[in-house]
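Dear colleague,

I am handing over the structure we talked about, and you will find the sequence and the coordinates just below. After them I have set out what was found, topic by topic.

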Amino acid sequence: MKTQVLIIGGGATGTGLARDLSLRGVRCILVEKQDINAGASGGNHGLLHSGARYVASDPEAAKECREEGELLKRLAPHCIEDTGGLFVAVRGDDENYVTDFPALCAKSGIPAEMLDLNTAREMEPELSPDIIAAFQVADASVDPFMLSLDNMAQARQQGAELLCYHKVISFRIENGRIRKIIVRNTVSGEETEIEADYVVSASGAWAGIIAGLAGIEIPMVYSKGSLLVTQNRITKRVINRLRKASDADILVPGGTVSILGTTSRRTEDPDDCRPTIAEVDDIIEDGARMVPVLENTRYIRAYSGVRPLIGSSAGDDRNVTRGFALIDHAPDGIENFITITGGKLTTFRLMAEKTADLLCRKMGITNPCKTGTEPLPSSASGKWTEPGSAPKMWLTRHESDDMILCECEMVSKGIIDGIMEGIREQGGVPTLKSVGLRSRIGKGPCQGGFCSARIAPYMYDREVLNGDRGLKELRDFLNERWKGKYPMLWDLPLEQAEIQEALHCGLFGLELQ
């Protein structure tokens, strides 16, 4: 295989870069060792930052978030719910920080309107009676899966290629340039050589590992953040704690649920990332101070992501900049190798633009960036990630034989067929995990406990699965959901977990290796 640019990493930045380059007429291949958004792009709040969170700690990142957030609302509105947001302080919070907040926002050009406390409680009745200050900001929620899938869909329309489940295992370097990239298919084990004029690592927290294949050291800090998903939507708007960044100070509404978090815990391995019981307890206790109902609400899942931070390993991870790093490795002795890492989901498009600008300068290409002016088209591959989209479709276009396979999210056979066909068109192999990534299956209250036992047999009927592969995929799918269920098990969810264990182990023998 040959290409002008090889992109490593299928998160928001990698898929955004593939779209940017493709629209400039640059051929590219994107390789991802798992699937789209397997890293931090799929393990976050889904918060489109107004920038107000960073006005004290990182003013430059605050300005970038403000500018990019405004741009994305115009150019990708189908991926965004423009909820608005509130910053609230509760009794005991630092009043000096509260006093300085509006001036800091103004300095970064971020609108922040001070609200009367009664008005704030009318806007969001679940706010604590102990709030002492409230400001309205332009936060929103974004669907990161739809965003990345739609970026990649347009890139592919322009000629880009996507290779999921292909892990970069080595570089062949000659005369200061990467001549060949060796990738291994993580499903079949087959190895492939790719020749590329330029290589870009957009691998997030794995940037240091990829750079190490070229003998280059990038100091990375692996900061794990854990989050909780409520069964119901708690607020209309994003609710932020008005204090210096800490744990459990953001509640983001998304579709029919809310997401509460996050933590900042050091981890030594970006591949070893899962929430703990202690984190869950801390998040609920802290979050309930600004929204008391969080203490008693039902949570259906916890999950984690690893922030790709560049910097020293000493001190508090929250003090490491949230800005992005674009590194040209020519001074390191590799002329055609670039790393882009750090940053925020909100700034992914800007990160991709700056990377594409650098590549085009090196390649002598003068075509301008189009992602800052051209709207992001909606695609078939991204449309089923939106909460509530499947039920609306089924109710308005119901056909008697289009059986519901996932009752929590009302995902039907027809939707599953369309998703599997889309995966094949992208050169992939449909699995329970890949179907789950591109839809809402496994994301409702049962967390895949019942729908997985319907969808796997259906995939056998459609000859997508054969032999004992279905049992292996059931085990893998449920193990992934279990990582998020385990820390949340008390009361009724614990009883439901017992029922699901009986189903999957007693009927399918999934505990057997």
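**Cavities**

Of the elements that line the largest cavity, α14 gives the largest share, with 4 residues. Please keep in mind throughout that this is a predicted model. The elements that give two or more residues to this lining are β18 (299–310) and α14 (492–507), and the lining as a whole is made of 13 residues, of which Arg298, Ile300, Pro445, Lys485 and Pro493 lie nearest the centre of the cavity. The space in the largest cavity comes to about 110 Å³, and by class its lining has 8 nonpolar, 3 polar and 2 charged residues.

The count is 2 cavities of 30 Å³ or more, and the second largest has a volume of about 70 Å³. Its lining includes Arg19, Leu71, Leu72, Leu75, Asn151, Phe348 and Thr371, and two or more residues come from each of α2 (59–75), α5 (144–157) and α8 (348–363). The largest share of this second lining, 3 residues, belongs to α2, while the classes divide into 7 nonpolar, 2 polar and 2 charged residues.

**An open sheet**

Three strands form an open sheet in the order β3-β8-β4, with antiparallel pairing. Because β3 (47–48) and β4 (80–81) stand at the edges with a single partner strand each, one side of each is left without a neighbour in the sheet. The pairing of β3 with β8 (residues 140–142) runs over 2 bridges, and within it Leu47 stands opposite Ser141.

**Backbone points to check**

Most residues other than glycine have a negative phi, and most peptide bonds are trans. Against that background, you may wish to look at the peptide bond from Gly261 to Thr262, which is cis, with omega near 0 degrees; Thr262 lies in the loop between β16 (257–261) and β17 (265–266).

Asn37 has a positive phi of about 60 degrees although it is not a glycine, and its place is in the loop between β2 (28–32) and β3. Asp491 likewise has a positive phi, near 60 degrees, and is found in the loop between α13 (469–485) and α14. As for their surroundings, Asn37 is buried, with a relative accessible area of 3%, whereas Asp491 is exposed, at 61%.

**Salt bridges**

Side chains of opposite charge can pair when their charged atoms come close. The model has 28 salt bridges by the rule applied here, and I describe some of them below.

Asp82 forms a salt bridge with Lys73, and their closest N and O atoms are 3.3 Å apart; Asp82 is exposed, with a relative accessible area of 54%, while Lys73 counts as partly exposed at 23%.

The side chains of Asp282 and Arg265 meet in a salt bridge at 3.6 Å, N to O, and this pair links distant parts of the chain, with Asp282 in helix α7 (residues 277–287) and Arg265 in strand β17, 17 residues apart. Asp282 is partly exposed, at 32% relative accessibility, and Arg265 is partly exposed at 26%.

Glu407 and Arg454 form a salt bridge in which the closest N and O atoms are 3.5 Å apart. Glu407 lies in the loop between β21 (404–406) and β22 (411–412) and Arg454 in helix α12 (residues 451–461), so the pair ties together parts that are 47 residues apart in sequence. Glu407 is exposed, at 55%, and Arg454 partly exposed, at 31%.

Finally, Asp20, Arg24 and Asp357 are linked in a network of salt bridges.

With best wishes

Methods:
Residues are numbered from 1 along each chain as its sequence is written. This is a predicted model: local features need pLDDT of at least 70, side-chain atom pairs count only at pLDDT 80 or more; totals for chains, interfaces and linings use all residues. Side-chain values use heavy atoms; hydrogens and water are left out. On a 1 Å grid over the protein atoms alone, a cavity is a set of points where a 1.4 Å probe fits but cannot get out, and a pocket is an open set with protein on both sides within 12 Å along at least five of seven lines; lining residues have an atom within 4 Å of a point. Grid points are joined across faces, edges and corners, and a volume is the space filled by probe spheres set on the points. Ala, Val, Leu, Ile, Met, Phe, Trp, Tyr, Cys and Pro count as nonpolar, Asp, Glu, Lys and Arg as charged, and the others, Gly among them, as polar. Two strands pair if DSSP finds at least two bridges between them. Buried means under 20% relative accessible area, exposed over 50%, partly exposed in between (1.4 Å probe, protein chains only). A salt bridge is a side-chain nitrogen of Lys or Arg within 4 Å of a carboxyl oxygen of Asp or Glu.
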